[in-house]
Amino acid sequence: NICMIEKKKTELYQELGLQARDLRFQHVMSIATRNNRIIMRMEFLKAVITPEFLLILDYRHLNLEHWLFNELASQLAGEGQLVTYSLPFEFRAIEAILQYRISKLQGRLNTLQPQIVETLEALVDPKLLSVDRSKLHILLQNGKSLSALETDLKVFKETILEILDEEELIEELCLSKWTDPQVFEESTSGIDHAEEMELLLENYYRQAEDLANEARELRVLIDDSESIIFINLDSHRNVMMRLNLQLTMGTFSLSLFGLIGVAFGMNLESSLEEDPRIFWLVTGIIFLGSGLIWRRLLSFLGRHLEPPLPPYVPAVLKKSQPAAGRVEIKSNLKAETFGLSRSTLTNQ
């Protein structure tokens, strides 16, 4: 049965037998017990569990109507996929809330994963000479969301692990064991409710661990893609630097032989300026000399930028060593066989 109530906090404290600090909203995750009540904080979700009912506080501010009215009721009644239908009410309530939290974390991961993969595929393309800043902005936002998801998963795991490490806390979560004599007899004779509670928490701890591993793989994929992006950018940058260096060497070669034209352009009197063929001769020498100097500089640049070749090992040395070893082994074998034959003849 689902019902909605509105009460003052002071009245609610008195009815539940809790303190004001127990129902204070804190954006943390915790599972605690007080006065045979289980207080669960899942960041924005706040719930109080008793052996008879489950109280969700301020659900309207969290947009929980769909979950409360369509999913939670069937889960608590044992009609859903939860396996705690044969156990007391608090088991079903705890598992319903943990299932809701895990499903929310899974939904966030399913939303981030295709976005990150699509953005990385667009950024890692080696054909691109520059990086799209809009894609980088999207990747930055997704990276922040992934970091927040990893933090939430870590807090979820640590909260459950703290309970699993303390047997007394697990015993305190079994509320019906201490209030219902029949349940206490079942726990002592047949079904161990503390062990069932431990298995329930371990199940959701493993689910959170699986989600954390998937988020960690996405983080590694982002880091590897960033390395590839930097390598591509460095490669394109090296190409541009080499082109700039080649143009600089060409300018230097042309200006070096251009000094000849500068010399002839001076107002100096000689017999060469009267010959009409001198202009074409000097122009040809300038272009030919500049081209030769530029080619020499390019060859010098190529020799110093190319990686050195591995040292050459002659094939004669490779074959001579095993051959000598085989000759020694054969000679030793012959000596041993001759000695063996002599000894056998002597004995006979």
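A residue is called buried when its relative accessible area is under 20%, exposed when that area is over 50%, and partly exposed in between. These words recur throughout this walk through the structure, which is a predicted model.

In the protein as a whole there are 10 helices and four strands. Read from the N terminus on, the order of these elements is α-β-β-β-β-α-α-α-α-α-α-α-α-α, and the chain that carries them has 348 residues, of which 30% are buried. Of the contacts with a separation of 6 or more, 60% are made by residues that stand 24 or more positions apart. The accessible surface of the protein amounts to about 23,700 Å², and carbon and sulfur atoms contribute 58% of it.

A good place to look more carefully is helix α2, which covers residues 65-76. This helix has 12 residues, and the distance from its first C-alpha to its last is 16 Å, close to the 16 Å that would be expected at 1.5 Å a residue. Within α2, the residues W67, L68, L72, Q75 and L76 are buried. They lie on the same side of α2, because the arc they cover around the axis is only 90°. As for what they meet there, the buried residues of α2 pack against strand β3 (45-49), strand β4 (54-56) and helix α3.

F69 also belongs to α2, but its relative accessibility is 39%, and F69 therefore counts as partly exposed, since this value falls between the cut-offs of 20% and 50%. Together with I2 and M4, F69 forms a nonpolar patch on the surface, and the three residues have about 300 Å² of accessible area together.

From nonpolar side chains we can turn to charged ones. Side chains of opposite charge can pair when their charged atoms come close. Searching the whole structure gives four salt bridges, and three of them are described here, beginning with the one that involves K7.

K7 forms its salt bridge with E15, and the closest N and O atoms of this pair are 2.4 Å apart. Both partners are partly exposed, K7 with a relative accessible area of 40% and E15 with a relative accessibility of 49%.

Another salt bridge joins the side chains of R108 and D152, with 2.7 Å from N to O. Because R108 lies in helix α3 (residues 89-123) and D152 in helix α4 (residues 133-164), this pair ties together parts of the chain that are 44 residues apart in sequence. The two partners fall into separate classes of accessibility: R108, at 31%, counts as partly exposed, whereas D152, with a relative accessible area of 13%, is buried.

Helix α4 also takes part in the salt bridge in which the side chains of E209 and K157 meet, again with 2.7 Å from N to O. This pair, too, links distant parts of the chain, for E209 is in helix α8 (residues 193-265) and K157 in helix α4, and the two are 52 residues apart. Here E209 is partly exposed, with a relative accessible area of 25%, while K157 counts as buried at 14% relative accessibility.

Taken along the chain, these pairs connect helix α4 both to α3, through D152 and R108, and to α8, through K157 and E209. Helix α3, in turn, is one of the elements against which the buried residues of α2 pack, while F69 of α2 contributes to the nonpolar patch on the surface.

Definitions and conventions:
Residues numbered from 1 in each chain as written. Predicted model: local features only at pLDDT ≥ 70, side-chain atom pairs only at ≥ 80, totals over all residues. Heavy atoms only, no water. Patch = residues over 30% accessible without salt bridge, like charges linked within 9 Å, V, L, I, M, F, W, Y side chains within 5 Å. Areas by Shrake-Rupley, 256 points an atom, 1.4 Å probe, with all protein chains shown as cover. Buried < 20%, exposed > 50% of the residue type's maximum accessible area, 1.4 Å probe, protein only. Expected span 1.5 Å × (residues − 1). Arc of directions from axis to C-beta. Contact = heavy atoms within 4.5 Å.
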